[in-house]
Amino acid sequence: MSFARPFKCKSFRSPVMNFMVGLLLFALSGLATGCGTGDAQRLKASRDSFLHDDFKKSEESLYNKEVFEHSENRFIHYSSLASIALAAGEYEKANYFLLKARDLVNGLRSSHSGFSWFSSDYLSNGIEYSYLHYFLVMTDLMLAEDGKTPAWTTPEIKAQNGDVIVQAQSFPARVYTSRDIADLKQKAHAELLAWDTHLQNLKGSVSDLTLYHNDLWARMLASYLHSLSDQNSEKRTGELLAKDAEKILESDFQNYPSKNVNQAEIESFIQRLEKRDPKQSLFVLEAGVMSKYKIKRFHIGLSTLFRNIKDPGLRMMIERIGFQIVLQSAPEFGLVLFSGAVAGAISGSSSDEDTEYEGPPRQFSEAIDNSFGFLIQFPSLESPPPETKVKLDLSGTLVDLPVVSPLQEMISTDLKNRESKEMLPEAITVGLEYLAVLIPAIKTYHAKNSNFLTKVAAVAGFYMAKKIIDNAHRPDIRSWNYLPKLIAADVLPVPPGNYHAKVYIDNASGRFEKDLGDVQLGDPEHSVVRRRVGDVSLLNTHR
């Protein structure tokens with residue numbers, strides 16, 4: 001196919017000018033798509049080690065001078081360090097990092113209300129911050145269960161000017177007294193109240209944007225811990241909390257697809273909480289590692305109009321005609337659009353790991369949209385397979401372990417809900433900003449006295465302004481992606497004794513199994529058993 005006729009024009013100057021503008025757009029596109037965040041690079045080595053259960057190397061990659069001195073997000077660093085310590089069974093150290101993370105994010109949020117995707121300060125996803133409370137509860141409980149803690153230290157970190165960024169910590173090994181253990185259990189109860197307060201505040205701040213108003217697992221865990229008390233009033237509180245959990249199961253939890261395969265087992269779990277046998281232990285399994293957030297992009301422009309043509313043959317014909325008309329009827333702007341399409345094709349097929357892979361543009365107009373069209377961006381998170389079932393093998397006895405907190409599914413569902421509610425206001429905001437720079441650029445380009453340099457400046461100026469607007473509206477996808485993908489738990493209906501435990505995780509992708517070692521069940525002095533399995537490949541993707 002020859003392009004000689006479409007590019008025919010009265011002077012040689014216009015193609016040359018347009019070609020130079022195209023080269024400029026090409027260069028600007030490479031500049032705009034080649035940027036990355038320092039935080040992502042610093043976290044990558046640590047997270048890769050974490051996925052392979054190399055916790056020592058994971059901590060070393062994250063806890064160093066370079067990370068903290070140049071950190072864009074210390075909340076993520078502290079919470080991630082807490083996850084590493086939790087995975088390694090270093091509960092006192094994990095508790096220290098969790099408290100540092102909470103203090104920091106509370107300080108950031110003091111001048112804001114609620115949670116934000118677009119804030120320059122990381123305010124965290126509301127569900128993520130909710131589970132900071134959960135892990136504070138678990139660290140106190142596990143310290144009480146173990147009755148001791150090993151020695152641990154963290155070095156001092158100073159900035160180049162000598163200022164202390166992170167103070168050194170040094171704690172000796174300790175065996176807890178009965179009073180210490182009672183205090184730890186009391187701290188766990190206090191943290192449950194703080195968790196509930198957070199959920200109440202979340203309802204008031206972003207209730208119209210989030211589906212996450214109540215947490216089933218928070219109620220069930222609180223019910224179990226209250227039931228451990230010798231006081232009848234506490235036991236009664238545990239029963240009432242179990243009733244609350246039943247209501248949440250029938251309301252808020254229905255938003256999550258995994259309820260279809262776990263509801264019956266969760267109902268049985270709640271019934272055991274209401275009339276708990278003191279010889280039955282709570283078994284908690286945290287499985288998988290949270291995926292990274294991605295940016296979902298919506299392009300609004302020529303292709304949006306073309307997609308509204310129902311007949312696929314007609315749509316393809318219009319697409320081809322549109323290509324010819326752009327080049328033949330608008331020689332002054334044709335090569336600019338063509339060069340913009342090339343630039344848009346590059347950005348559309350970007351390998352940026354923070355962006356959902358869209359593939360290369362399928363049509364010429366889509367490529368132009370990538371370069372010139374309105375761009376709406378939202379955070380997204382893939383949802384793991386909702387049909388996932390978890391079972392425990394206790395020395396040959398199989399018991400169900402229902403998923404009481406499908407954590408990644410909860411966040412993914414919430415992001416989709418917020419996307420649908422915020423699409424229109426975000427599109428209006430971005431559209432008005434685009435128009436503010438597009439209209440002057442068009443007027444300048446078509447002005448009678450516009451010369452070569454003026455036209456170059458008009459097109460390049462709009463393109464640069466568009467990139468600035470796009471970057472300003474890029475959602476904050478920083479996240480605590482060391483969290484588990486799901487939490488499964490139950491009060492196990494088995495006789496007291498020592499068991500050898502295995503876990504089986506099944507869904508349409510296959511079966512995962514792992515030995516969890518020996519566990520002691522039914523001991524009133526050791527009423528909570530926690531186990532963790534790291535990266536589970538069959539939990540990774542569900543489209």
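1. The protein exposes an accessible surface of about 24,900 Å², and carbon and sulfur atoms account for 55% of that area. The structure is a predicted model, and the values that follow should be read with that in mind. Of the 543 residues in the protein, 52% are buried, and the secondary structure comprises 17 helices and 16 strands. Among contacts with a separation of 6 or more, 78% are between residues 24 or more positions apart.

2. On the interior, the largest nonpolar core has 88 residues, and those with the most contacts inside it are Tyr131, Tyr134, Trp195, Trp217, Met220 and Leu282. Helix H7, which spans residues 126-146, gives the most to this core, with 13 residues. A second core, separate from the largest one, has 26 residues, including Leu392, Leu492, Val494 and Leu538. As general background, nonpolar side chains in soluble globular proteins tend to be buried together.

3. Trp195 merits a closer look as a member of the largest core. When its neighbours within four places in sequence are left aside, Trp195 is in contact with Ser130, Tyr131, His133, Tyr134, Tyr212, Asp215, Trp217, Ala218 and Leu221. Tyr131, Tyr134 and Trp217, which appear in that set of contacts, are also listed among the residues with the most contacts inside the core.

4. Turning to the strands, E10 (residues 389-394) and E14 (residues 497-507) pair in the antiparallel sense over six bridges, and Leu392, a residue of the second core, has Val503 in E14 as its bridge partner. E14 is also joined to E15 (residues 510-521) by 11 bridges, again in an antiparallel arrangement, with Asp515 in E15 as the bridge partner of Lys502. E14 and E15 form a hairpin with two residues between them. The side chains of Asp506 and Arg511 meet in a salt bridge, with an N to O distance of 2.7 Å. Asp53, Lys514 and Arg532 are joined into one network by salt bridges that share partners.

5. The count of salt bridges comes to 21, and two further pairs can be set side by side. The side chains of Glu239 and Arg236 meet at 3.1 Å, N to O; these residues are three apart in helix H10 (residues 232-250), and are therefore separated by about one helical turn. Arg236 counts as partly exposed because its relative accessibility is 47%. The side chains of Glu419 and Lys296 form a salt bridge at 3.3 Å, N to O, and because Glu419 lies in helix H16 while Lys296 lies in strand E8 (residues 294-300), this pair ties together parts that are 123 residues apart in sequence. Glu419 is buried, at 13% relative accessibility, whereas Lys296 is partly exposed, with a relative accessible area of 22%.

6. Glu274 is located in helix H11 (residues 259-274), and with a relative accessible area of 17% it counts as buried, because the cut-off for that class is under 20%. Not counting residues up to four places away in sequence, Glu274 touches Glu239, Ala242, Lys243 and Glu246. Glu239, one of these contacts, is also the salt-bridge partner of Arg236.

7. On the surface, Leu424, Ile428 and Leu432 form a nonpolar patch, with about 320 Å² of accessible area together. Leu432 is found in helix H16 (residues 407-446), and it counts as exposed because its relative accessibility is 56%, the cut-off for exposed being over 50%.

Technical notes:
Residues numbered from 1 in each chain as written. Predicted model: local features only at pLDDT ≥ 70, side-chain atom pairs only at ≥ 80, totals over all residues. Heavy atoms only, no water. Core = buried A, V, L, I, M, F, W, Y, C linked by side-chain atoms within 4.5 Å. Buried < 20%, exposed > 50% of the residue type's maximum accessible area, 1.4 Å probe, protein only. Helix = DSSP H or I, 4+ residues; strand = E, 2+ residues; numbered from the N terminus. Contact = heavy atoms within 4.5 Å. Pairing = 2+ DSSP bridges. Patch = residues over 30% accessible without salt bridge, like charges linked within 9 Å, V, L, I, M, F, W, Y side chains within 5 Å. Areas by Shrake-Rupley, 256 points an atom, 1.4 Å probe, with all protein chains shown as cover. Salt bridge = Lys/Arg side-chain N within 4 Å of Asp/Glu carboxyl O.
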